[in-house]
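Welcome! Here is a short briefing to read alongside the sequence and the 3D view.

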Amino acid sequence: MLDYQYVDHLRPLLYLILSKLRNIELALVLAIITVSVVIHIIVLPVVVLATGLDHFVAGAWFGGSIDETGSVAAAAGNVSCIAEDTAVTVKMIQNAELGLLLIGIALFWSQTTLSKKQQDKSKCEMVWKDSR
């Protein structure tokens, strides 16, 4: 028979182990993203210059396919100023559209899944309300 006193002593240790696993998974995901971005910064400009792709098209490709905004500028800057300007513009538009899309999804979700009492608290003006 299991002595529950030992289980109570092990509970903080189990929580610590589980929290460390979550941090390891998060670190692994971030490491994979970082490695893939570095590969994009190196490989994509070489592909563009080797194939003779138009610099506007290359900038749009970089802006749409590379995850981080700074990395977009770094990769496109290795091609030309035109590619860099185009890539950064595409990435900024993509980021702005993503923010608006997520606000819309959050408002739709709050209106369709929350109870009536909770819906009254989740109006559009709550997004910009000062929390102080």
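In this predicted model, helix α4 holds Ala87, and beyond its neighbours within four places in sequence this alanine is in contact with Gly59, Phe62, Gly63, Val72 and Ala76. Ala87 makes a handy starting point for a tour of the protein, whose secondary structure comes to five helices and zero strands. From there, the points below move through the fold, the core, two buried polar or charged residues and a patch on the surface.

**The overall picture**

- Reading along the sequence, you will meet the pattern α-α-α-α-α.
- The protein has 132 residues, and 17% of them count as buried.
- Its accessible surface comes to about 10000 Å², and carbon and sulfur atoms account for 69% of that area.
- Among contacts with a separation of 6 or more, 51% are between residues 24 or more positions apart.

**The nonpolar core**

- Which residues make up the largest nonpolar core? There are eleven: Leu44, Val48, Ala58, Phe62, Ile66, Val72, Ala75, Ala76, Val79, Ala83 and Ala87.
- Four helices each supply at least two residues of this core, namely α1, α2, α3 (69-77) and α4 (81-113).
- The helix that gives the most to the core is α3, with three residues.
- Is Ala87 buried or exposed? Ala87 counts as buried because its relative accessible area is 0%, under the 20% cut-off.
- Three of the contacts of Ala87 are with fellow members of the core: Phe62, Val72 and Ala76.
- Ala87 can also be placed relative to Thr69: the two are 18 residues apart in sequence, and their C-alpha atoms are 9.0 Å apart in space.
- Ala83, another core member, is in contact with His55, Gly59 and Ala76 once its neighbours within four places in sequence are left aside.
- Gly59 and Ala76 are therefore worth finding in the 3D view, as both appear among the contacts of Ala83 and among those of Ala87, with contact taken as heavy atoms within 4.5 Å.

**A buried lysine**

- Lys91 lies in helix α4, the helix that also holds Ala87.
- Lys91 is buried and yet has no salt bridge.
- How far away is the nearest side chain of opposite charge? It belongs to Asp67, and the distance from Lys91 is 5.2 Å.
- A salt bridge needs the charged atoms within 4 Å, so the pair does not qualify.
- Not counting residues up to four places away in sequence, Lys91 touches Gly63, Ile66, Asp67, Glu68, Thr69 and Val72.
- Two of these partners, Ile66 and Val72, belong to the largest nonpolar core.

**A buried serine**

- Ser71 is part of helix α3.
- With a relative accessible area of 8%, Ser71 falls under the 20% limit and so counts as buried.
- Beyond residues up to four places away in sequence, Ser71 touches Val37, Ile41 and Ile66.
- Ile66 is thus a partner of Ser71 as well as of Lys91, given that contact means heavy atoms within 4.5 Å.

**A nonpolar patch on the surface**

- On the surface, Val35, Val38, Ile39, Ile42, Val43, Val47, Leu53, Val57 and Trp61 form a nonpolar patch, and together they have about 720 Å² of accessible area.
- Two helices give two or more residues to the patch: α1 (4-51) and α2 (55-65).
- The most comes from α1, which gives six residues.
- Trp61, one of the patch residues, is found in helix α2.
- Trp61 counts as partly exposed because its relative accessibility of 34% sits between the 20% and 50% limits.

Note on methods:
Residues numbered from 1 in each chain as written. Predicted model: local features only at pLDDT ≥ 70, side-chain atom pairs only at ≥ 80, totals over all residues. Heavy atoms only, no water. Patch = residues over 30% accessible without salt bridge, like charges linked within 9 Å, V, L, I, M, F, W, Y side chains within 5 Å. Areas by Shrake-Rupley, 256 points an atom, 1.4 Å probe, with all protein chains shown as cover. Buried < 20%, exposed > 50% of the residue type's maximum accessible area, 1.4 Å probe, protein only. Core = buried A, V, L, I, M, F, W, Y, C linked by side-chain atoms within 4.5 Å. Lys, Arg positive; Asp, Glu negative; His and termini not counted.
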